[in-house]
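Grab a pencil and open the viewer. Here are a few exercises to work through, each followed by a solution.

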Amino acid sequence: MTVEPATEPRTLAPPERRVAEVTANEPVGAYTLLRARDAAGPPDPVPGQFYMLSTAERWGGDDGRPYLPRAFSFARARPAAGGGAELDFLLEEVGPGTRRLAALRTGVEQRLVGPLGEGFRAATGRRVLVGGGIGVAPLLCLADGLSPDARILLGFRSAAHAEAARLFEGEPALATDDGSAGRAGLVTDLLREELDADRSATVFACGPPAMLEAVRSLCADLGVPAQLALESGMACGFGACMGCVVETRDGYARVCLDGPVIEAERLCPGGP
Ligand SMILES: Cc1cc2nc3c(=O)[nH]c(=O)nc-3n(C[C@H](O)[C@H](O)[C@H](O)COP(=O)(O)OP(=O)(O)OC[C@H]3O[C@@H](n4cnc5c(N)ncnc54)[C@H](O)[C@@H]3O)c2cc1C
Ligand code: FES
């Protein structure tokens with residue numbers, strides 16, 4: 001059975017930081033899949049929403065720094081036996097916070113707040129999903145809920161990163177920067193070909209800022225609606241610190257509260 005994306009883009013988070021038990025930690029090529037049982041959280045976060053994660057032990061300890069939790073899209077969510085949700089996160093280690101989270105082993109505790117922000121909105125007609133690098137994470141749960149004719153286009157740096165493509169059902173189209181898996185080139189090359197063949201689509205995208213700007217610009221040129229899941233440095237994750245604002249055509253938006261998924265037509269040319 002396929003389930004269309006929710007029309008309400010937000011599931012509300014319980015107003016507290018919770019403890020979740022890590023139930024799996026598996027390498028996926030260059031990334032880590034971390035699974036946690038969020039026994040007291042909602043079972044139905046909306047694809048594109050995110051959680052603020054930290055470890056329960058040694059988050060700021062020993063060699064210091066992490067202090068603030070870090071933002072992560074959930075990649076998949078299943079109702080957990082006994083209540084709450086079993087949540088999958090796909091992590092790329094880029095600094096001390098992601099390193100400490102990726103080092104968590106089954107049975108230990110982590111902390112989380114979420115789900116936060118607004119996720120992808122429902123759309124009718126043909127869907128084209130475009131993911132770059134670790135930005136494929138929120139597209140996994142989105143793709144699970146769509147009919148099999150949705151097109152999935154993924155771009156990665158190398159074959160080791162492209163291992164994440166195997167987490168998707170079906171056969172996503174693949175491009176890598178170095179040509180070590182799929183086509184040599186950019187995922188936006190695949191998108192251009194897809195939309196040149198048929199512009200009647202809604203595009204859902206997540207990836208690095210340069211990729212999202214290329215998707216925004218291409219979709220604007222072709223008159224194709226697009227929803228972009230943005231990233232921004234986040235301190236609080238729930239609208240209080242203004243650390244995550246981006247400029248839009250109708251003023252500043254807080255990525256954590258008004259996004260992370262924002263309609264492409266709201267964004268100013270030149271990148272979020
Ligand atoms: C809504 C949202 C969803 C995200 N989903 C995922 C996800 O599913 N998987 C995942 O691995 N990461 C995700 N991220 C990015 C993740 O939050 C950062 O990689 C993490 O905060 C880095 O923390 P760190 O302590 O490891 O590294 P830091 O030392 O804090 O940062 C390491 C490097 O990454 C840069 N950086 C840190 N945060 C960001 C950011 N938000 N955007 C761009 N550059 C950043 C820093 O400038 C620095 O160069 C998401 C971010 C947001 C805002
Ligand atoms: S992260 Fe604090 S307002 Fe968005």
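Keep in mind throughout that this is a predicted model.

**Exercise 1. Work out which face of helix α4 carries the exposed residues Asp-196 and Ala-197, and which residues of α4 are buried.**

Step 1. Start with the buried set. In α4, residues 187-197, this consists of Val-187, Thr-188, Leu-190, Leu-191, Glu-194 and Leu-195. Looking down the axis, these buried residues fit within an arc of 150°, so they line one face of the helix.

Step 2. Check that against helix geometry. An α-helix has 3.6 residues a turn, so residues three or four places apart point the same way.

Step 3. Turn to the other side. Asp-196 and Ala-197 are exposed, and they sit on the face of α4 turned away from its buried side.

Step 4. Find the cover. The buried residues of α4 are covered by elements including β8 (126-132), β9 (151-156), β10 (173-176), β11 (183-184), β12 (201-206) and α5 (209-222).

**Exercise 2. Find the salt-bridge partner of Glu-194, and decide whether Glu-194 is buried or exposed.**

Step 1. The partner is Arg-151, with the closest N and O atoms 3.1 Å apart. This pair links distant parts of the chain, since Arg-151 belongs to strand β9 and Glu-194 to helix α4, 43 residues apart.

Step 2. Now the accessibilities. Glu-194 has 13% relative accessibility, so it counts as buried. Arg-151 comes out at 31%, which makes it partly exposed.

**Exercise 3. Sort the residues of strand β4 into a covered and an uncovered face, then say how β4 runs relative to β3.**

Step 1. β4 spans residues 70-73; Arg-70 and Phe-72 make up its covered face, while Ala-71 and Ser-73 make up the uncovered one. That's the pattern you'd look for: in a regular strand the side chains alternate between the two faces of the sheet.

Step 2. β3 (residues 50-55) and β4 run antiparallel, joined by four bridges. To find the register, look at Phe-50, which stands opposite Ser-73 in β4.

**Exercise 4. How many aromatic pairs are there, and which residues form a cluster with Tyr-51?**

Step 1. The count is three aromatic pairs. In one of them, Tyr-51 and Phe-74 have ring centres 6.3 Å apart and planes at 85°, so the pair is edge-to-face. Tyr-51 comes from strand β3 and Phe-74 from the loop between β4 and β5 (76-79), so to speak a link between distant parts of the chain, 23 residues apart. Both Tyr-51 and Phe-74 are buried.

Step 2. Another edge-to-face pair is Phe-120 with Phe-204, at 5.7 Å centre to centre and 75° between the planes. Phe-120 sits in the loop between β7 (109-116) and β8, and Phe-204 in strand β12, 84 residues apart. Phe-120 and Phe-204 are both buried.

Step 3. For the cluster, Tyr-51 is joined by Phe-74 and Phe-89.

**Exercise 5. Describe the surroundings of Asp-88: which side chain makes a polar contact with the side chain of Asp-88?**

Step 1. Place the residue: Asp-88 is in strand β6, residues 85-91. With 3% relative accessibility, Asp-88 is buried.

Step 2. The polar partner is the side chain of Arg-78, at 3.1 Å.

Step 3. Fill in the rest. Outside the four places either way in sequence, Asp-88 is in contact with Leu-33, Leu-34, Arg-35, Phe-74, Ala-75, Arg-76 and Arg-78. Phe-74 turns up again here; that's the residue from the cluster with Tyr-51 and Phe-89.

**Exercise 6. How many salt bridges are there, and which parts of the chain does the pair Arg-10 and Glu-118 tie together?**

Step 1. The count comes to 16 salt bridges. The side chains of Arg-10 and Glu-118 form one at 3.1 Å, N to O. Arg-10 lies in the segment before β1 (18-28) and Glu-118 in the loop between β7 and β8, so the bridge ties together parts 108 residues apart in sequence.

Step 2. Arg-10 is partly exposed at 25% relative accessible area, whereas Glu-118 is buried at 17%.

Step 3. Follow the links outward: Arg-10, Glu-118, Arg-121 and Glu-263 are connected in a network of salt bridges.

Note on methods: Residues numbered from 1 in each chain as written. Chains lettered and ligands numbered in written order. Predicted model: local features only at pLDDT ≥ 70, side-chain atom pairs only at ≥ 80, totals over all residues. Heavy atoms only, no water. Buried < 20%, exposed > 50% of the residue type's maximum accessible area, 1.4 Å probe, protein only. Helix = DSSP H or I, 4+ residues; strand = E, 2+ residues; numbered from the N terminus. Arc of directions from axis to C-beta. Contact = heavy atoms within 4.5 Å. Pairing = 2+ DSSP bridges. Phe/Tyr/Trp six-rings, centres within 6.5 Å; stacked < 30°, edge-to-face > 60°. Polar contact = N/O pair within 3.5 Å; in protein donor to acceptor, adjacent residues only side chain to side chain. Salt bridge = Lys/Arg side-chain N within 4 Å of Asp/Glu carboxyl O.
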